[in-house]
Amino acid sequence: MKFKMLPIAALAAGLASGAFAQTAPVQDDTGPAPAVDPTTTSSLEDTTLMRPFFTDDTLTTLRPVEELRSAWAAMSEQNRTTMRRDCEENPSIKYREFCGAVENM
């Protein structure tokens, strides 16, 4: 009796493995915009985009409003849109002052 169960179990496992093989992989299309560094999760974490707005390398002190406006105008529209979206979707205490300044531009 035990020997009859072994082929039945093998057949069941073989048939079930076909169902697993047909499962399509999940594609994640929610990544950052192409203009943003792909190693970061947010444009606000991309130091190359954020550096023009701050006076120091630690990104803690914002530049004066006039300099912020000129740096903002020098960016591409895609980068500006991405940064605005990230400010709205990911309100971070770290970038609260920056995001507040962006809202007024």
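**Figure 1. Helix α4 from end to end.** In this predicted model, helix α4 runs for 13 residues and spans 18 Å from its first C-alpha to its last, close to the 18 Å you'd expect at 1.5 Å a residue. Look down its axis and the buried residues fall within an arc of 165°, so they line one face of the helix. Those buried residues are Asn79, Arg80, Thr82, Met83, Asp86 and Cys87. Over on the other side of α4, Glu88 and Glu89 are exposed. And what sits over the buried residues? The cover includes α2 (47-50), α3 (65-74) and α5 (96-103).

**Figure 2. Glu77 and Arg80, a salt bridge within α4.** Here's a bit of background: side chains of opposite charge can pair when their charged atoms come close. In this view, the side chains of Glu77 and Arg80 do just that, forming a salt bridge with 2.6 Å from N to O. How far apart are Glu77 and Arg80 along helix α4? They are three residues apart in α4 (residues 77-89), which puts about one helical turn between them. That fits a handy rule: an α-helix has 3.6 residues a turn, so residues three or four places apart point the same way. Is Arg80 buried or exposed? Arg80 is buried, with a relative accessible area of 15%, and it falls under the 20% cut-off for that label. Glu77, at 45%, is partly exposed. Setting aside neighbours within four places in sequence, Arg80 also touches Trp72, Ala73 and Met75.

**Figure 3. A small charged network around Asp86.** Zoom in on Arg85, Asp86 and Glu89, and you'll find a network of salt bridges linking the three. One of the links joins the side chains of Asp86 and Arg85, at 3.3 Å from N to O. The two partners sit in different surroundings: Asp86 is buried, with a relative accessible area of just 4%, while Arg85 is partly exposed at 33%. Glu89, for its part, is exposed.

**Figure 4. Arg63 and Glu67, a salt bridge away from α4.** The side chains of Arg63 and Glu67 meet in a salt bridge, again with 3.3 Å between N and O. How accessible are these two? Arg63 counts as partly exposed at 28% relative accessibility, and Glu67 is partly exposed too, at 35%. If you want to go hunting for more, a search of the whole structure turns up five salt bridges.

**Figure 5. Helix α3 and its buried face.** Which residues of α3 are buried? They are Leu68, Ala71 and Trp72. Viewed down the axis of α3, these buried residues fall within an arc of 100°, so they line one face of the helix. On the other side of α3, Glu66, Ala73 and Ala74 are exposed. Helices α4 and α5 are among the parts that cover the buried residues of α3.

**Figure 6. The nonpolar core and its aromatic rings.** Another useful idea to keep in mind: in soluble globular proteins, nonpolar side chains tend to be buried together. The largest nonpolar core here has 18 residues, and the ones with the most contacts inside it are Leu44, Met50, Phe53, Phe54, Met83, Tyr95 and Phe98. Helices α2, α3, α4 and α5 each chip in at least two residues, with the largest share, four residues, coming from α5. Phe53, Phe54, Trp72 and Phe98 form one aromatic cluster, and the total number of aromatic pairs comes to three. Take Phe54 as a place to explore: leaving out neighbours within four places in sequence, Phe54 is in contact with Leu59, Thr60, Thr61, Leu62, Arg63, Tyr95 and Phe98.

**Figure 7. Stepping back to the whole protein.** Zoom out, and the secondary structure comes to five helices and zero strands, read along the sequence as α-α-α-α-α. How much of the protein is buried? Of its 105 residues, 27% count as buried. As for contacts between residues at least 6 apart in sequence, 46% join residues at least 24 apart.

Key:
Residues are numbered from 1 along each chain as its sequence is written. This is a predicted model: local features need pLDDT of at least 70, side-chain atom pairs count only at pLDDT 80 or more; totals for chains, interfaces and linings use all residues. Side-chain values use heavy atoms; hydrogens and water are left out. A salt bridge is a side-chain nitrogen of Lys or Arg within 4 Å of a carboxyl oxygen of Asp or Glu. Buried means under 20% relative accessible area, exposed over 50%, partly exposed in between (1.4 Å probe, protein chains only). The expected span of a helix is 1.5 Å times one less than its number of residues. The arc is that of the directions from the helix axis to the C-beta atoms. Contact means heavy atoms within 4.5 Å. Rings of Phe, Tyr and Trp (its six-membered ring) pair if their centres lie within 6.5 Å; planes under 30 degrees apart count as stacked, over 60 as edge-to-face and the rest as tilted. A nonpolar core is a set of buried Ala, Val, Leu, Ile, Met, Phe, Trp, Tyr and Cys residues joined through side-chain atoms within 4.5 Å.
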